[in-house]
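Morning, everyone. I will go through one structure today, taking its cavities, its disulfides and then its salt bridges.

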Amino acid sequence: MKHRGATQDDDISKGTECTVKTFRRFSVMLVSRTDQTLICLLVVVMAAAEVQENISPECKQFLYMGTLPRGLEEKASKKICQYYAGNPRFVTLYDTLNHIPVYSAYTFKRSDGFKKVDVPWMYEPQLSTASGSRDMQQLPAENLHRSFEDAQAVLDDYSDSVIFERGQLNPDEHQASPDDKASTYTLTNVVPRVRDFNIGPWKNHEHTIRRRLNNYCRGTAYMVTGVTISGHTIRRHNINRLGIPTYIWSAYCCVDYDHNAPYSERSKFPAFAAYGLNDRERNNVQEMTMQQLEDFLKKVTYVDSNFQVFYDNCALHPS
């Protein structure tokens, strides 16, 4: 499916003329209706936008040393500072062509692992229109999806799949507060994950990391979880809708950890990583060093030669 650009808001009726002028820090949209003597002036402050060209300071808190993973960006990807209930929650690099996240970067919060199950699925308004809310929004009725489904996934994309289910990159159980948990239920944070893999090896890995960081990380744990794809897709109405990940990978960085922890755990700090095959078979999750993960990803996906998940490989830097 050929990717198309952002669609115009549905509430701008036929016969409406729009002019957008871009200045250094904000955009001004002049909307004039030919059938009314009404001119609406809409100022969209880009420094507060959720879809961002450059990550804003308030969202750099989710990145080690305020730095995005290096060497993963592509033309069809958009940086999203994921806002929920008025506050930033995590960062996602989103592939608007395959309608899945490339990765989500977040800070781990100590938790008991319980899931928040009463949250409706949400979407990202600004992937479709710059004037949309910076907060993620609840998905509307099915017949209203057309206004934004060119740029992102909708629930219908997953509805007919038997093998795959929605798998979070920033998982609910790695967050603690109700709002942080709720923010993970956006379709810009999920990928098609094979059900057997999702509820088995990958879920067990998420449990393992939660227990390890709960027990031995004394400071902030920065996490990045991402995917590789190889061209397979989920189709709807004979149109490619969702890229299917081949591998799911994840890594954490915690420079302030318990140096008295058992060696079997202490050896996995300050940084460690893992990946698993998104399949029903041969899907064991393998833990490894950051260097081993980066070498693996250079072999199986398209990344720059300078690819790096964490700034300076998660080396300790004085504040």
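One definition before the list of residues: a cavity here is a set of grid points where a 1.4 Å probe fits but cannot get out, and a residue counts as lining it if an atom of that residue is within 4 Å of a point. Please also keep in mind that this is a predicted model.

Searching the whole structure gives 3 cavities of 30 Å³ or more. The largest cavity holds about 50 Å³ of space. Which residues line the largest cavity? They are Tyr-106, Leu-169, Pro-171, His-174, Trp-202, His-205, Glu-206, Ile-209, Met-223, Thr-225 and Ser-250. Sorted by class, that lining has 6 nonpolar, 4 polar and 1 charged residues. Two elements, helix H3 (195–216) and strand S12 (221–236), each provide at least two of the lining residues. The most comes from H3, with 4 residues.

Glu-206, one of those lining residues, has a second role in this talk. Its side chain meets that of Lys-203 in a salt bridge, 2.9 Å from N to O. Both sit in helix H3, and because they are 3 residues apart there, about one helical turn separates them. Is Glu-206 buried or exposed? Glu-206 is buried, because its relative accessible area is 5% and the cut-off for buried is under 20%.

Lys-203 also has a partner outside the helix. Lys-203 forms a salt bridge with Glu-173, where the closest N and O atoms are 4.0 Å apart. This pair links distant parts of the chain: Lys-203 is in helix H3, while Glu-173 is in the loop between strand S10 (164–168) and helix H2 (178–182), 30 residues away. Glu-173 counts as buried, at 2% relative accessibility.

Beside Glu-173 in the numbering is Asp-172, which forms a salt bridge with Lys-181; the closest N and O atoms there are 2.9 Å apart. Asp-172 and Lys-181 are both buried. The count of salt bridges for the structure comes to 14. Some of them share partners, and these join Arg-89, Lys-109, Asp-179 and Asp-180 into one network.

Now the disulfides. A disulfide is a covalent bond between the sulfur atoms of two cysteines. How many does the structure hold? It holds 3 disulfides. Counting bonded cysteines along the chain, the pattern is 1-2, 3-5, 4-6.

Cys-59 is joined to Cys-81, with an S to S distance of 1.4 Å in this model. The pair links distant parts of the chain, 22 residues apart: Cys-59 is in the loop between strand S4 (51–52) and strand S5 (77–84), and Cys-81 is in strand S5. Cys-59 counts as buried at 0% relative accessibility, and Cys-81 counts as buried at 0% too.

Next, Cys-217 and Cys-254 form a disulfide with sulfur atoms 2.1 Å apart. Their link is right-handed, with 100 degrees about the S-S bond. Cys-217 is in the loop between H3 and S12, and Cys-254 is in the loop between strand S13 (239–253) and helix H4 (263–266), so the disulfide ties together parts 37 residues apart in sequence.

That leaves Cys-253 and Cys-314, joined with an S to S distance of 2.0 Å. This link is right-handed as well, with 85 degrees about the S-S bond. Cys-253 lies in strand S13 and Cys-314 in the segment after helix H5 (290–300), so parts 61 residues apart in sequence are tied together. Cys-253 is buried at 1% relative accessibility, and Cys-314 is buried at 2%.

How values were computed: Residues numbered from 1 in each chain as written. Predicted model: local features only at pLDDT ≥ 70, side-chain atom pairs only at ≥ 80, totals over all residues. Heavy atoms only, no water. 1 Å grid on protein atoms, 1.4 Å probe; cavity = no way out; pocket = protein on both sides within 12 Å on 5 of 7 lines; lining within 4 Å. Points joined across faces, edges and corners; volume = space filled by probe spheres on them. Nonpolar A, V, L, I, M, F, W, Y, C, P; charged D, E, K, R; others polar. Disulfide = S-S within 2.5 Å. Buried < 20%, exposed > 50% of the residue type's maximum accessible area, 1.4 Å probe, protein only.
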